[in-house]
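This report looks at cysteine pairing, at one helix and its surroundings, and at repeats listed in a database record. Please keep the sequence and the structure in view while reading.

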Amino acid sequence: MYARQVFLTVQNPDTFIFSNLIKSFSKCGYPHDAILLYQKMKTLGLEQSNFTFTSVIKACADLSALKLGRLVHSHAIISGFSSDLYVQSSLVSFYAKSGDLVVSREVFDTMPDRSIVAWNAMISGYEQNGFSKEAIDVFLEMRELGVQPDSTTFVSVLSACSHLGALNLGTWVQEYVIGNGFDVNVILGTSLINMFSKCGNVGRAREIFNGMRELNVITWTAMISGYGMHGYGNQAIELFYQMKAQGPKPNDVTFVAVLSACAHAGLVDEGRKAFDAMKKIYGFVPRREHHVCMVDLLGRAGFLDEAFQYIQSASGKPAPAIWTALLGSCKMHKNFDLGVKVAEHLLAEEPENPAHYVLLSNIYASAGRMDRVEMVREIMIKKGLKKQIGYSSVEIDHATYTFFMGDKSYPETTAIYQYLDELMRKLKNAGYVPEPEPVMFALEDEEGEFALRYHSEKLAIAFGLMNSSDGTTVRIFKNLRMCTDCHSAIKFISVVTDREIIVRDKHRFHHFKQGVCSCRDYW
DNA sequence: TTAGGGTTAG
């Protein structure tokens with residue numbers, strides 16, 4: 001690095017030069033060098049400035065070096081810079097990036113003056129640690145205090161909307177951005193694309209994509225990924241070809257998006273082609289994500305043996321995620337023998353993951369081996385493992401309503417259940433037959449249907465239908481995957497109510513319209 | 001000279 005060489009020639013470097021160099025290292029992705037230089041500065045007995053601290057704290061943030069950062073924080077206090085606006089902002093960001101949100105918030109709360117950067121650091125801090133709701137709460141607090149957001153604020157807020165499926169807030173952000181004459185730069189534009197895709201409106205995402213004056217590899221990848229998660233494999237591939245012809249060079253993440261799009265749409269040949277091109281033409285070494293996609297691509301399409309061979313031929317020990325992908329395919333194709341074999345690998349690797357037991361149990365049940373179902377259940381009880389609790393949510397106006405299975409916590413409970421019972425009657429008249437998913441805890445038939453009827457997504461849909469006008473689309477967000485019965489029931493619901501219903505489950509979107517799902521039952 | 005932002009599998 002040029003700066004380093006220049007530095008070495010300088011006699012008696014002072015605080016200004018040190019700070020500048022630390023900043024350069026920190027900015028250019030050499031956090032270790034920045035920290036070494038800071039330590040050198042201390043041994044030389046040079047004074048630090050607020051410029052020194054912001055840069056070195058940023059370097060600690062980049063490394064998530066919590067202990068070291070705490071030490072630097074204490075130096076800043078001793079040197080009297082702990083109430084400096086810039087230093088405090090960098091500390092808010094540092095603690096959040098190192099996973100200590102409590103201290104991050106403490107620093108934020110004690111700031112007498114908060115710049116927009118400090119607000120943004122707090123919002124993105126929550127968001128990047130998975131606290132999307134809290135991120136939005138801080139944003140709302142900021143609005144209440146009359147602080148003007150900038151484009152960085154919106155990027156984090158949009159990211160939170162994507163995670164929560166909060167389409168209404170996301171749409172408000174877009175309107176605000178346009179209405180207030182914000183420049184939609186490439187980062188903000190990409191965030192909008194991502195938000196609309198992940199909130200179920202991929203068409204709107206494409207409109208933004210088309211309207212952007214600058215598109216980089218991340219923008220293209222976000223759009224391809226958007227098509228993929230909606231099951232629009234052909235559009236994803238088409239865009240990928242367009243990217244190759246006139247866009248930036250794809251990166252390895254682009255290939256994850258392409259392969260996943262192919263897997264979800266059953267485009268096996270296209271997927272194989274892309275995977276070969278990735279290795280041979282673009283020179284990327286496949287990572288775990290690519291392997292998972294390939295196993296998923298082959299497995300979903302029914303090439304289970306080939307998928308198994310693929311895993312065995314790959315170098316090194318396969319990651320649990322790769323076995324999980326194959327196990328999912330075994331369940332989908334009801335391949336009992338292979339499923340058990342795969343589950344053995346998986347349970348040896350991750351004996352405490354309840355999802356694996358549930359999947360294995362379902363495979364046993366679909367093969368009619370209820371004795372084995374019982375055995376798996378006993379293991380789970382012995383190990384104290386519990387199924388992850390499923391929930392579904394629906395946005396009505398600007399509020400989000402979340403439902404659990406058999407949820408009776410709402411004041412409208414009686415009406416919701418009456419509406420749902422009536423709906424189920426109509427469904428049955430239209431030809432719907434409940435198909436109990438082989439569930440973990442063997443239930444009697446009637447009980448089984450009872451439980452199915454009140455799955456969280458059905459409650460959320462009922463509530464959504466009751467509280468929206470005819471002809472509008474109902475959007476549901478579910479934290480787990482749908483069961484086959486709900487999938488079938490929602491197809492019928494789209495017919496008898498003449499509504500479009502969009503469900504985002506753990507992995508992808510399902511668009512139900514006139515009795516058909518966009519996934520073509522390939523999921 | 002300082003602090004804050006976008007894409008990825010199951």
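A disulfide is counted here when two cysteine sulfur atoms lie within 2.5 Å of each other. By this rule the count in this predicted model comes to 0 disulfides.

**Cysteines**

Two cysteines illustrate the result, and the table gives the closest cysteine sulfur for each.

| Cysteine | Closest cysteine sulfur in | Sulfur to sulfur distance |
|---|---|---|
| Cys 161 | Cys 199 | 6.3 Å |
| Cys 293 | Cys 262 | 9.3 Å |

The sulfur of Cys 161 is too far from that of Cys 199 for a bond, and the sulfur of Cys 293 is likewise too far from that of Cys 262. Cys 161 is buried, with a relative accessible area of 0%, while Cys 293 also counts as buried, at 9% relative accessibility.

**Helix H18 and its surroundings**

Cys 293 is one of the buried residues of helix H18, a helix of 13 residues that runs from 288 to 300. From the first C-alpha to the last, H18 reaches 18 Å, which is close to the 18 Å expected at 1.5 Å a residue. Because 10 of its 13 residues are buried, H18 is largely enclosed by the rest of the structure. The buried residues include His 290 and His 291, as well as the run from Met 294 through Val 295, Asp 296, Leu 297, Leu 298 and Gly 299 to Arg 300.

Which helices help to cover these buried residues of H18? Among them are H16 (252–265) and H17 (268–280), together with H19 (304–313) and H20 (320–332). Just after H18, Gly 302 takes a positive phi of about 95°.

Ala 325, which lies in helix H20, offers a view of this packing at the level of one residue. Leaving aside residues up to four places away in sequence, Ala 325 touches Val 292, Val 295 and Asp 296. Ala 325 counts as buried, at 13% relative accessibility. Between Ala 325 and Gly 271 the C-alpha to C-alpha distance is 16 Å, with 54 residues separating them in sequence.

**Repeats listed in the record**

An unreviewed UniProt entry lists "repeat: PPR" for residues 14–48, 115–149 and 216–250. In the model, residues 115–149 are 74% helix and 0% strand, with the end C-alpha atoms 10 Å apart. Residues 216–250 are 77% helix and 0% strand, and the end C-alpha atoms of that span lie 10 Å apart.

Key
Residues numbered from 1 in each chain as written. Chains lettered and ligands numbered in written order. Predicted model: local features only at pLDDT ≥ 70, side-chain atom pairs only at ≥ 80, totals over all residues. Heavy atoms only, no water. UniProt positions renumbered as here; feature names shortened; annotations may be inferred. Helix = DSSP H or I, 4+ residues; strand = E, 2+ residues; numbered from the N terminus. Expected span 1.5 Å × (residues − 1). Buried < 20%, exposed > 50% of the residue type's maximum accessible area, 1.4 Å probe, protein only. Contact = heavy atoms within 4.5 Å.
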